[in-house]
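Please examine the sequence and the three-dimensional structure shown here before reading on. The paragraphs after it offer a guided explanation.

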Amino acid sequence: MNLMESERQVAIFGLGFIGLPLALSFALKGCRVIGVDVDEQLVQDLNKGVTYHLEAKDGIPIQQILKEQLAAGRFRATTDPEQATKSSTDVIVTVGVPVTDGIPDYSYIRAAVQTIASYLRPGQLVLIRSTVTPGTTRRLLQPILESSGLQAERDFYLAYASERIAEGRAFEEFENMPTLVAGAGEKSLKRAREVLSIVTRAEIHEASSYEVVETAKVFENISRDVDIAMVNEFAVFTKAIGIDIFEVIRLANTHKRVNLLQPGPGVGGYCLPNALYYLLPRALEANLNLRLLPVARRINDETPRRIAGLILKNLPVPPSRAKVAVLGIAMKDYSNDDRLSPALKVIQFLESAGVTVAAYDPAVPHQYPFKVNSLEDALRGANGIAVLARQKNIDYEKLTEFRKLMKEDPFIVDTRNVYNRRQAKAAGFRLETL
Ligand SMILES: NC(=O)c1ccc[n+]([C@@H]2O[C@H](COP(=O)([O-])OP(=O)(O)OC[C@H]3O[C@@H](n4cnc5c(N)ncnc54)[C@H](O)[C@@H]3O)[C@@H](O)[C@H]2O)c1
């Protein structure tokens, strides 16, 4: 079946950071797309053209793309999986596997796939894109889909293609990031390739099994987690001997085969902190004792406590009389995502020590008791500033004006390498970097 884009109806389960821009990418190519989510408020907002995501395609913000695709009738969101599944040629799953206390929770993806199984028709493709424990497609998801009475590869097509994009660059990377894919058989692979290549222009690499692609995805994320743990540990060393970690990294990276990442307040978001916990169940099953990877995870996990310590050390007054202005609570620079954000952990440590925190982040939509609505509210009467994530709409250069709003002898703890010593000193701040 080689359908024209306009004849395809694609159902996308999960309309989060991945599902929404993916759905709109298919719509932009002329497909009719129904997005399915269990979150009624989210579905209502999307159908009104409202989203808080910070994605853009060729400078056009996702809000405008969403409104245009709604108006063109190429995208709509629904909480009704029956109609969406039955009327679609292809079904894509982007429902996540959250991790709590190190245990992955498969209930959401299981529920989504169970629903798809109840309405599955012969000839449909089910394409799984969620990040999962190696073996999940074969052991958990394929049997659920086959409980419909239809068999993968014979009656319907099943494939797993990892999602490798970074939030904030979704539209560009859906098109230009190479994709890895594995299928239940040759026909499933061919069909998945056909659907993937509607959006991607980059190479599509076929793998010999689902497990290869599932494992490659988890390794990709863990490798970044380990790389960041390494530079976070390097930062502990440079601090102890009194040199600047960012200068060391900049110079070390002039080596042609070295590419150190940037240290920071820790590692957050959905992808990197969870990755190890997708691997551990299989390691346990194989009776393996992985040593390096859990240590790296622990280093990143403990970093917010170290940063809170640096802030507390700089307070000119006892914590109970101190106010700290936190700039940026997102899980990384220029993001609206605060899931598992290290900044939130730093704030928790500060508050538990008695410090009053006023955090400003114009991109993160979530409300918190410590969050304020303007930079001025954060800075007014503060003893110091903690830069925990960069955001576009904060004018970091105006240090002299910041100073005027703050108490005597102010300090900056800069985890994002925004300020240099000379600049901070000129504006009357003590500067502490990582
Ligand atoms: N966020 C990233 O940068 C990124 C990058 C690569 C891969 N991934 C992977 O992609 C997947 C999705 O991540 P995300 O960040 O978009 O997650 P998300 O939490 O933003 O979105 C998931 C959505 O699924 C919905 N959902 C839950 N149960 C459902 C059901 N039964 N039916 C329909 N919808 C349901 C949720 O309400 C939510 O809106 C995860 O597996 C993640 O690991 C994420």
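The text below moves from the domains to a helix contact, then to salt bridges, a buried helix face and backbone angles.

The structure is a predicted model. The domain assignment divides the protein chain into domain 1, residues 5-208, and domain 2, residues 220-296. Between the C-alpha centres of these two domains the distance is 30 Å. Where the domains touch, domain 1 contributes 15 residues and domain 2 contributes 10 residues.

A helix contact comes next. Helix H6 covers residues 136-146 and helix H9 covers residues 210-241; the two pack at an angle of about 115 degrees, and their axes are 9 Å apart. Because angles of 65 to 115 degrees count as roughly perpendicular, H6 is described as roughly perpendicular to H9. On the H6 side, the contact is made by Thr136, Thr137, Arg138 and Gln142, while H9 supplies Tyr210, Glu211 and Glu214. Sorted by class, the residues of this contact are one nonpolar, three polar and three charged.

One residue of this contact, Thr137, also serves as a reference point for Gly185. Gly185 is placed in the loop between strand S11 (179-183) and H8. Along the chain, Gly185 and Thr137 are 48 residues apart, and their C-alpha atoms are separated by 13 Å. Gly185 has a relative accessible area of 18% and is therefore buried, since buried means under 20%.

The next topic is charge pairing. Side chains of opposite charge can pair when their charged atoms come close. How many salt bridges does a search of the whole structure find? The search finds 28. Three of them are described here.

Arg139 forms a salt bridge with Glu285, and the closest N and O atoms of this pair are 2.7 Å apart. Arg139 belongs to helix H6 and Glu285 to helix H11 (residues 272-285), so that the pair links distant parts of the chain, 146 residues apart. Arg139 has a relative accessible area of 47% and is partly exposed.

Arg164 and Glu220 also meet through their side chains in a salt bridge, with an N to O distance of 2.8 Å. Arg164 lies in the loop between strand S10 (157-161) and helix H7 (170-176), whereas Glu220 is in helix H9; the two residues are 56 residues apart, and the pair links distant parts of the chain. Arg164 counts as partly exposed at 22% relative accessibility, and Glu220 counts as partly exposed at 24%.

A further salt bridge joins the side chains of Glu175 and Arg201, at 3.2 Å from N to O. Glu175 is in helix H7, and Arg201 is in the loop between helix H8 (186-199) and strand S12 (204-206), 26 residues apart. Are these partners buried or exposed? Glu175 is buried, with a relative accessible area of 8%, whereas Arg201 is exposed, with 59%. Through shared partners, salt bridges join Lys29, Lys57, Asp58, Glu175 and Arg201 into one network.

Helix H11, which holds Glu285, also has a set of buried residues. These are Leu272, Pro273, Asn274, Ala275, Leu276, Tyr277, Tyr278, Leu279 and Ala283. What covers the buried residues of H11? The covering elements include strand S7 (99-100), strand S8 (103-104), H9 and helix H12 (292-314). H9 thus appears both in this cover and in the contact with H6.

The last topic is the backbone. Most residues other than glycine have a negative phi, and most peptide bonds are trans. Against that background, several residues deserve attention. Just after H11, Asn287 takes a positive phi of about 55 degrees. Leu340 has a positive phi of about 55 degrees as well, although it is not a glycine. Leu340 is found in the loop between strand S13 (323-327) and helix H13 (342-352), and it is partly exposed, with a relative accessible area of 42%. Asn417, also a residue other than glycine, has a positive phi near 60 degrees. The place of Asn417 is the loop between strand S16 (411-414) and helix H16 (421-426). At 33% relative accessibility, Asn417 counts as partly exposed.

How values were computed. Residues are numbered from 1 along each chain as its sequence is written. This is a predicted model: local features need pLDDT of at least 70, side-chain atom pairs count only at pLDDT 80 or more; totals for chains, interfaces and linings use all residues. Side-chain values use heavy atoms; hydrogens and water are left out. Axes are lines fitted to C-alpha atoms, for helices over the stretch in contact, and angles run from 0 to 180 degrees between N-to-C directions. Helices (H or I, at least four residues) and strands (E, at least two) are DSSP runs, numbered from the N terminus. Angles under 35 degrees count as roughly parallel, over 145 as roughly antiparallel, 65 to 115 as roughly perpendicular and the rest as oblique. Contact means heavy atoms within 4.5 Å. Ala, Val, Leu, Ile, Met, Phe, Trp, Tyr, Cys and Pro count as nonpolar, Asp, Glu, Lys and Arg as charged, and the others, Gly among them, as polar. A salt bridge is a side-chain nitrogen of Lys or Arg within 4 Å of a carboxyl oxygen of Asp or Glu. Buried means under 20% relative accessible area, exposed over 50%, partly exposed in between (1.4 Å probe, protein chains only). Domain bounds come from an automatic or database domain assignment.
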